[in-house]
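Hi everyone, thanks for coming. I'd like to walk you through one model today, so let me put it up on the screen.

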Amino acid sequence: MIIAITCVIAIVVLVFVLGVRPKDLPEPEPVSPFVHLDERKAAIYENLRDLQFEYRLGKLSDNDYQLTKKDLQKELAAVMAEVDKVKLALQSGRPVAAPAAAPSPAAKSKPTCPHCSATFDQDLKFCGECGKPMKAVRA
Ligand SMILES: [Zn+2]
């Protein structure tokens, strides 16, 4: 009985230490930022399963079971929060919507004098530069 409890406590402490360490040590960038979080999540799930198993075998008191379970669930919530944080960071760091390409004003052709090649912002009957008709004179 005592050995079982000691084992569970040791596992919880181990999970806690493993969970805290990555924050203290600047670890090399993983291939996916979710990999180590997924591993931690899996470890916590495994501990919860073990805990439930031992509780069903009667190795744990109700109180010990509830306390350890609460600890593990707290740990799990922390991991989930971290997953969300990483997801958010990825989203903000990588803008999904590309800035809308402004339609180029150069694409719109301006009225150009056929005689002196002066350009104007609006249609004119006669060129403001050379005074000749802007458009081919119709007879
Ligand atoms: Zn002109």
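I'll talk about a helix pair, then the nonpolar cores, and then two residues further along the chain. Please keep in mind that this is a predicted model.

Let's begin with the helices. Helix α2 covers residues 35-56 and helix α3 covers residues 62-93. The two pack at an angle of about 165°, and their axes are 10 Å apart. Angles over 145 degrees count as roughly antiparallel, so that is what we call α2 relative to α3. As for handedness, the crossing of α2 and α3 is left-handed.

Now, which residues meet there? From α2 we have, among them, Leu 37, Ile 44, Leu 48, Leu 51 and Tyr 55. On the α3 side, the list includes Tyr 65, Leu 72, Leu 76, Val 79, Val 83 and Val 86. There are charged names in the contact too, including Arg 40 and Lys 41 in α2, and Asp 62, Glu 75 and Glu 82 in α3. By class, the contact of α2 with α3 has 13 nonpolar, 4 polar and 6 charged residues.

Several of those names come back when we turn to the cores. The largest nonpolar core has 12 residues. Leu 37, Ile 44, Leu 48 and Leu 51 are in it, and so are Tyr 65, Leu 72, Leu 76, Val 79, Val 83 and Val 86. Val 8 and Leu 60 complete the set. Which helix gives the most to this core? That would be α3, with 6 residues.

If you'd like one residue to click on, try Val 83. Leaving aside its neighbours within four places in sequence, Val 83 is in contact with Phe 34 and Leu 37. There is also a second, separate core of 5 residues, and Cys 113, Ala 118, Phe 120 and Met 134 are among them.

Finally, the two residues I promised, both in the segment after α3: Ser 117 and Gln 122. What stands out about the phi of Ser 117? The angle is near 70°, a positive value in a residue other than glycine. For context, most residues other than glycine have a negative phi. Is Ser 117 buried or exposed? Its relative accessibility is 52%, and the cut-off for exposed is over 50%, so Ser 117 counts as exposed.

Gln 122 has a relative accessibility of 54%, so Gln 122 counts as exposed. Gln 122 and Thr 112 are 10 residues apart in sequence, and their C-alpha atoms are 9.7 Å apart in space.

That's my tour; happy to take questions.

Definitions and conventions
Residues numbered from 1 in each chain as written. Predicted model: local features only at pLDDT ≥ 70, side-chain atom pairs only at ≥ 80, totals over all residues. Heavy atoms only, no water. Axes fitted to C-alpha atoms, helices over the stretch in contact; angles between N-to-C directions. Helix = DSSP H or I, 4+ residues; strand = E, 2+ residues; numbered from the N terminus. Parallel < 35°, antiparallel > 145°, perpendicular 65-115°, else oblique. Left-handed = near helix turned anticlockwise from the far one by under 90°. Contact = heavy atoms within 4.5 Å. Nonpolar A, V, L, I, M, F, W, Y, C, P; charged D, E, K, R; others polar. Core = buried A, V, L, I, M, F, W, Y, C linked by side-chain atoms within 4.5 Å. Buried < 20%, exposed > 50% of the residue type's maximum accessible area, 1.4 Å probe, protein only.
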